[in-house]
Amino acid sequence: MFIQIEPNSEQPIYAQLTNQLIIAIANGNLKSGELLPSVRSLAADLSINMHTVNKAYHALEDKGIIQIIPKSGAVIKAFKIELNKEDAIRLKESFSPLVAEAIILGLGKDELHTLISSILSDYKGGR
């Protein structure tokens, strides 16, 4: 698993880690049922604080992407077949500011569709 943290980024380190793990799962580099590295191990490998890794793992658990099993570790959950209402609402709330920013920057509906299609094609599970 290749994760690159940019310490000088405006994005917090835990968010960088969370996003990179989500991308690795979407790409199929991390599979359902796979155990993630321990908090201590990943923190040491990335030279970051254990609390930062812990915060990223809890963010993934809050999103329903992993399950943290005490004394066992963090396991990637199976991909969902159907999107539940709560996840749909959470995703819409996350997308809305990005779509608004795209509109402000001059992207039209067709350009936004093209951009999203391009992003989807980057992932193995993209439809």
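1. A nonpolar core is a set of buried Ala, Val, Leu, Ile, Met, Phe, Trp, Tyr and Cys residues joined through side-chain atoms within 4.5 Å. In this structure, which is a predicted model, the largest such core has 19 residues. Leu-17, Leu-21, Leu-36 and Tyr-57 are the residues with the most contacts inside the core. At least two residues of this core come from each of α1 (13-26), α2, α3 and β2. As background, nonpolar side chains tend to be buried together in soluble globular proteins.

2. Next, the overall layout. The chain has 5 helices and 2 strands. Read from the N terminus, the order of the elements is α-α-α-β-β-α-α. The C-alpha trace spans about 50 × 35 × 25 Å along its principal axes. The chain has 127 residues, and 24% of them count as buried.

3. The segment before α1 contains Glu-6. This residue has a relative accessible area of 41%, and it is called partly exposed because that value falls between the 20% limit for buried and the 50% limit for exposed. Glu-6 can be placed relative to a residue of the core: Leu-17 is 11 residues away in sequence, and the two C-alpha atoms are 9.9 Å apart in space. Leu-17 is also one of the residues with the most contacts inside the largest nonpolar core.

4. The loop between α2 (39-46) and α3 (50-62) holds Ser-47. Ser-47 is not a glycine, yet its phi is positive, at about 55 degrees. Is this residue buried or exposed? Its relative accessible area is 67%, so Ser-47 is exposed.

5. The two strands form a hairpin, with 3 residues between β1 and β2. Their pairing is antiparallel and runs over 4 bridges. Which residue of β2 is the bridge partner of Gln-67? That partner is Val-75. Ile-68, for its part, stands opposite Ala-74 in β2. When looking at the side chains here, recall a general rule: in a regular strand they alternate between the two faces of the sheet.

6. The turn of the hairpin deserves its own point. Lys-71 lies in the loop between β1 (66-69) and β2 (73-76). Its phi is near 70 degrees, which is positive although Lys-71 is a residue other than glycine. The relative accessibility of Lys-71 is 89%, and the residue counts as exposed because this is over 50%.

7. After the hairpin, the loop between β2 and α4 includes Ala-78. With a relative accessibility of 60%, Ala-78 counts as exposed. Where the chain comes together in space can be seen by comparing Ala-78 with Gly-33: the two are 45 residues apart in sequence, but 6.7 Å separate their C-alpha atoms.

8. Helix α4 can be checked for length. It covers residues 85-104, which makes 20 residues. At 1.5 Å a residue the helix should span 28 Å, and its end C-alpha atoms are 28 Å apart, so the two values agree. The helix also bends, by about 30 degrees at Phe-95. A proline, Pro-97, follows within four residues of that bend.

9. What happens at the ends of α4? The N-terminal end is capped by Asn-84. A side-chain oxygen of Asn-84 lies 3.2 Å from the backbone nitrogen of Glu-86. Just after the helix comes Gly-106, with a positive phi of about 100 degrees.

10. Finally, charged side chains. How many salt bridges are there? The count comes to 1 salt bridge, formed by the side chains of Arg-90 and Asp-87 with an N to O distance of 3.6 Å. This pair qualifies as a salt bridge because the cut-off for that distance is 4 Å. Both residues belong to helix α4, where they are 3 residues apart, about one turn of the helix. Arg-90 is partly exposed, with a relative accessible area of 25%. Asp-87 is buried, because its relative accessible area of 11% is under 20%.

Definitions and conventions. Residues numbered from 1 in each chain as written. Predicted model: local features only at pLDDT ≥ 70, side-chain atom pairs only at ≥ 80, totals over all residues. Heavy atoms only, no water. Expected span 1.5 Å × (residues − 1). Bend = angle between axes of the 7 residues up to and from the residue. Polar contact = N/O pair within 3.5 Å; in protein donor to acceptor, adjacent residues only side chain to side chain. Buried < 20%, exposed > 50% of the residue type's maximum accessible area, 1.4 Å probe, protein only. Pairing = 2+ DSSP bridges.
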